[in-house]
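Subject: Structure for you to look at

Hello,

Here is the structure I said I would pass on. Please open it alongside this message, as my notes follow underneath.

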Amino acid sequence: MVQTQILSKNQRVVLAIIEKAKEPLKAYSILYNVQRKGIKAPQQIYRALDKLIEIGKIHKIESRNAFVACKNSNCEISKATAFSICENCENVSEISNSKLSKYLSNFSDDSGMKYSKYNLEFFGLCKKCKSK
Ligand SMILES: [Zn+2]
Ligand SMILES: [Zn+2]
C-alpha cells in the first residue's frame with residue numbers, strides 16, 4: 001500500500017538532494033547543499049532528516065553516518081533495512097529480498113528477546129569490483 005505523505009518544504013528540499021546524489025550523503029554535505037536554497041539552521045535539516053527516516057523515504061547507513069534515498073518504492077518498513085556495501089568502491093545498495101525479510105521478521109535468539117527493528121549492513125565486493 002502506498003501512503004501519500006505530505007512533505008514540508010524543508011523535507012522536500014532535503015529529499016531531493018539525497019535522491020539526486022549518486023552516493024550516500026553525510027549530514028554536512030546535505031547542509032552545504034540546502035544552505036544555497038535558503039535553509040540556514042542545521043536544526044531544521046536534522047528534523048527533516050528524522051522525519052524522512054521515520055516515513056521510510058530515506059535510510060541511514062550507520063557505518064558511514066550517511067543518508068540514502070529509499071530505492072524500494074513500497075518500502076514502508078523503515079524499521080527494517082538491509083544494505084550491501086562494497087568495501088572497495090563504497091557502492092551502497094538497498095537489499096530488498098523477501099526471503100531475508102521474512103526470515104528476519106521471525107528471527108529470535110536464545111535469550112528469547114523479541115526484536116522490533118533491525119538495520120543491517122553487509123560488506124563485501126560488488127560485482128564490478130569482483131570482476132576486476
Ligand atoms: Zn527502503
Ligand atoms: Zn565496488
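I will start with one pair of residues in the sheet: I85 stands opposite V92, and V92 belongs to β5. Please keep in mind throughout that this is a predicted model.

The sheet

The pair sits where β4 and β5 meet, and these two strands pair in the antiparallel sense over 3 bridges. They form a hairpin with 5 residues between them. In that turn, E90 has a positive phi of about 70°. E90 is a residue other than glycine, and it lies in the loop between β4 and β5. Its relative accessibility is 37%, so E90 counts as partly exposed, the class between the buried limit of 20% and the exposed limit of 50%.

On its other pairing, β4 (residues 80-86) is joined to β6 by 7 bridges, and these two strands run parallel. Two places to look at there are A82, which stands opposite L120 in β6, and C86, whose bridge partner in β6 is G124.

Put together, 3 strands form an open sheet in the order β5-β4-β6, with mixed pairing. β5 and β6 (118-124) stand at the edges with a single partner strand each, so one side of each has no neighbour in the sheet. From one strand to the next, the twist averages 25°. As for cover, β4 is mostly shielded, with 6 of its 7 residues buried.

The chain as a whole

How many helices and strands does the protein chain have? There are 5 helices and 6 strands. Read from the N terminus on, the elements run α-β-α-α-β-β-β-β-α-β-α. The C-alpha atoms fill a box of roughly 50 × 40 × 30 Å, taken along the principal axes. Of the 132 residues in the protein chain, 33% are buried.

The largest pocket

The largest pocket has a volume of about 470 Å³. It is lined by 24 residues, and those closest to its centre are K22, E23, P24, V68 and V92. V92 therefore turns up twice in these notes, since it is also the residue opposite I85.

Which elements give two or more residues to the lining? They are α1 (9-20), β1 (25-26), β3 (66-69) and β5 (92-94). The largest share comes from β3, with 4 residues. Sorted by class, the lining has 12 nonpolar, 3 polar and 9 charged residues.

Single residues to check

These are a few positions you may want to find on the screen.

- S29 has its place in helix α2 (residues 27-35). Its relative accessibility is 19%, so S29 counts as buried, the cut-off being under 20%. The side chain of S29 reaches the backbone oxygen of K26 at 3.0 Å.

- L49 lies in helix α3 (residues 42-54). At 1% relative accessibility, L49 counts as buried. L49 and S8 are 41 residues apart in sequence, and their C-alpha atoms are 12 Å apart in space.

- N65 is found in the loop between β2 (58-61) and β3. Its phi is positive, at about 50°, although N65 is not a glycine. Is N65 buried, exposed or partly exposed? Its relative accessibility is 44%, so N65 counts as partly exposed.

Positive phi values thus come up at two of the positions described here: N65, with about 50°, and E90, with a value near 70°.

Going back over the main points, the open sheet has the order β5-β4-β6, and β4 has 6 of its 7 residues buried. The edge strand β5 is also among the elements that give two or more residues to the lining of the largest pocket.

Regards

Technical notes
Residues are numbered from 1 along each chain as its sequence is written. Chains are lettered from A and ligands numbered from 1 in the order in which they are written. This is a predicted model: local features need pLDDT of at least 70, side-chain atom pairs count only at pLDDT 80 or more; totals for chains, interfaces and linings use all residues. Side-chain values use heavy atoms; hydrogens and water are left out. On a 1 Å grid over the protein atoms alone, a cavity is a set of points where a 1.4 Å probe fits but cannot get out, and a pocket is an open set with protein on both sides within 12 Å along at least five of seven lines; lining residues have an atom within 4 Å of a point. Grid points are joined across faces, edges and corners, and a volume is the space filled by probe spheres set on the points. Ala, Val, Leu, Ile, Met, Phe, Trp, Tyr, Cys and Pro count as nonpolar, Asp, Glu, Lys and Arg as charged, and the others, Gly among them, as polar. Two strands pair if DSSP finds at least two bridges between them. Axes are lines fitted to C-alpha atoms, for helices over the stretch in contact, and angles run from 0 to 180 degrees between N-to-C directions. Buried means under 20% relative accessible area, exposed over 50%, partly exposed in between (1.4 Å probe, protein chains only). A polar contact is a pair of N or O atoms within 3.5 Å; within protein, one must be able to donate a hydrogen and the other to accept it, and residues adjacent in sequence count only if both atoms are side-chain atoms.
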